Amino acid sequence: MIYFNGSLVPEEEAKVSVFDRGFLYGDGLFETMRAYRGKVFRLEEHLQRLFHSAQIISLPIPKTLKELEEAVYATLKANKLKDAYLRLTVSRGEGERGLDLPLSPRPNIIIVAKPLPHYPKRWYEEGLRAVVVKERREKDSALSRIKSLNYLPNILAKLEAKEKGADEGIMLNRDGYLTEATVSNIFLISQGKLLTPSLKSGPLPGITRKTVIELAPALKLEVSEREIKLSELMEAEEAFLTNSLREVVPLTQVNGGPIGQGRPGKGTKAIAQAYSRAVEDDS
Ligand SMILES: Cc1ncc(COP(=O)(O)O)c(C=O)c1O
């Protein structure tokens, strides 16, 4: 069952118009979230990011945060799922022709709940192999601060990574500093410090990124958010990627060379365990 503008309907009935601006222009937003034992981890933060992003792109969401929270749980329940992948999409809906915003906007709100995808064990046990891709993230663009429906750069980045035999693509910004991977934020561990590109560098303000930053001090890891050079990644002791679905995934190879020892390190394992405990405590 799909949540579609206030109702739960069978998948075949959840259809948007060919004039929907999400379809025509990528004009909309989305959130991907994970439910553990019936509880959606950091749901409020996800919805806050959604509303904040909506403000940035002048998209009036015709529901309150509380109503969307209830809608997410109703979707989970209607699909009899406890551990699940959730996606909430808000498109600007149909508009008059052209780019001008519709005078009477009627956004479409869609929530999908599915069983969790199976991620390869190898990712967690051996780590991901990444390459730095040609596609750059625009650090000054609004698109880099919101989770919009414009994922073509990330899609091209993933394609390039796959063509080069890698699991992931790492994107730099125009100044050559690290930003993130195609669907994840990136962290480095070097000399007892946890480093991640500052939001000014142009990564998505990830909810998992925020959670990891909050968890680090208890693990005696000092956190630094700043511009990070590619050479610092190549010389890091450890690196890992984060997102809400995959959680904490070690990154052990970049451009064919090992990161640190070329296998998941102690710091990454400690962060992954702390994240699992945070989930456990929450659900
Ligand atoms: C481009 C990009 N960066 C980072 C993330 C991680 O965000 P979060 O931790 O909120 O899932 C995602 C999630 O899908 C993403 O698409």
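Student: In α8 of this predicted model, which residues are buried?

Tutor: A residue counts as buried if 20 or more other C-beta atoms lie within 10 Å of its own. In α8, the residues that are buried are Gly267, Thr268 and Ile271.

Student: Where do the buried residues of α8 fall, seen down the axis of the helix?

Tutor: Lys266, Arg277, Glu280 and Asp281 are exposed on the other side of α8. The buried residues, Gly267, Thr268 and Ile271, fall within an arc of 100° seen down the axis, so they line one face of the helix.

Student: Which elements do the buried residues of α8 pack against?

Tutor: Gly267, Thr268 and Ile271 are the buried residues in question. Two of them, Thr268 and Ile271, are touched by Phe240. The elements that the buried residues pack against are β10 (185-190), α6, β13 and β14 (247-254).

Student: What span should helix α8 have at 1.5 Å a residue?

Tutor: Helix α8 covers residues 266-282, which is 17 residues. Its end C-alpha atoms are 24 Å apart, and this agrees with the expected span of 24 Å.

Student: Which strand gives the largest share of the largest nonpolar core?

Tutor: The largest nonpolar core has 36 residues, and Ala130, Ile170, Phe187, Leu188, Ala239 and Phe240 touch the most other members. The largest share of this core is five residues, and it comes from strand β7 (residues 128-137).

Student: How many residues are in the other core that lies apart from it?

Tutor: In soluble globular proteins, nonpolar side chains tend to be buried together. The other core includes Val40, Leu47, Ile111 and Ile146. Its size is 23 residues.

Student: Which element gives the most to the shell around the ligand?

Tutor: The ligand is surrounded by 14 residues, and the closest are Leu204, Gly206, Ile207, Thr208 and Ser244. The shell divides into three nonpolar, nine polar and two charged residues. At least two residues each come from α6 (207-215) and β13 (238-243). With three residues, the element that gives the most is α6.

Student: Is Glu96 buried or exposed?

Tutor: Glu96 lies in the loop between β5 (84-91) and β6 (108-115). The cut-off for an exposed residue is 12 or fewer other C-beta atoms within 10 Å. Glu96 has 10 such atoms within 10 Å, so it is exposed.

Student: How many Å apart in space are Glu96 and Pro120, C-alpha to C-alpha?

Tutor: In sequence, Glu96 and Pro120 are 24 residues apart. In space, C-alpha to C-alpha, the separation of Glu96 and Pro120 is 45 Å.

Note on methods. Residues are numbered from 1 along each chain as its sequence is written. This is a predicted model: local features need pLDDT of at least 70, side-chain atom pairs count only at pLDDT 80 or more; totals for chains, interfaces and linings use all residues. A residue is near a molecule or strand if its C-beta atom, placed from the backbone, lies within 6 Å of it. Helices (H or I, at least four residues) and strands (E, at least two) are DSSP runs, numbered from the N terminus. Ala, Val, Leu, Ile, Met, Phe, Trp, Tyr, Cys and Pro count as nonpolar, Asp, Glu, Lys and Arg as charged, and the others, Gly among them, as polar. The expected span of a helix is 1.5 Å times one less than its number of residues. The arc is that of the directions from the helix axis to the C-beta atoms. Two residues are in contact if their C-beta atoms, placed from the backbone, lie within 7 Å. A nonpolar core is a set of buried Ala, Val, Leu, Ile, Met, Phe, Trp, Tyr and Cys residues joined through C-beta atoms within 7 Å. Lists of a residue's contacts leave out its neighbours within four places in sequence.
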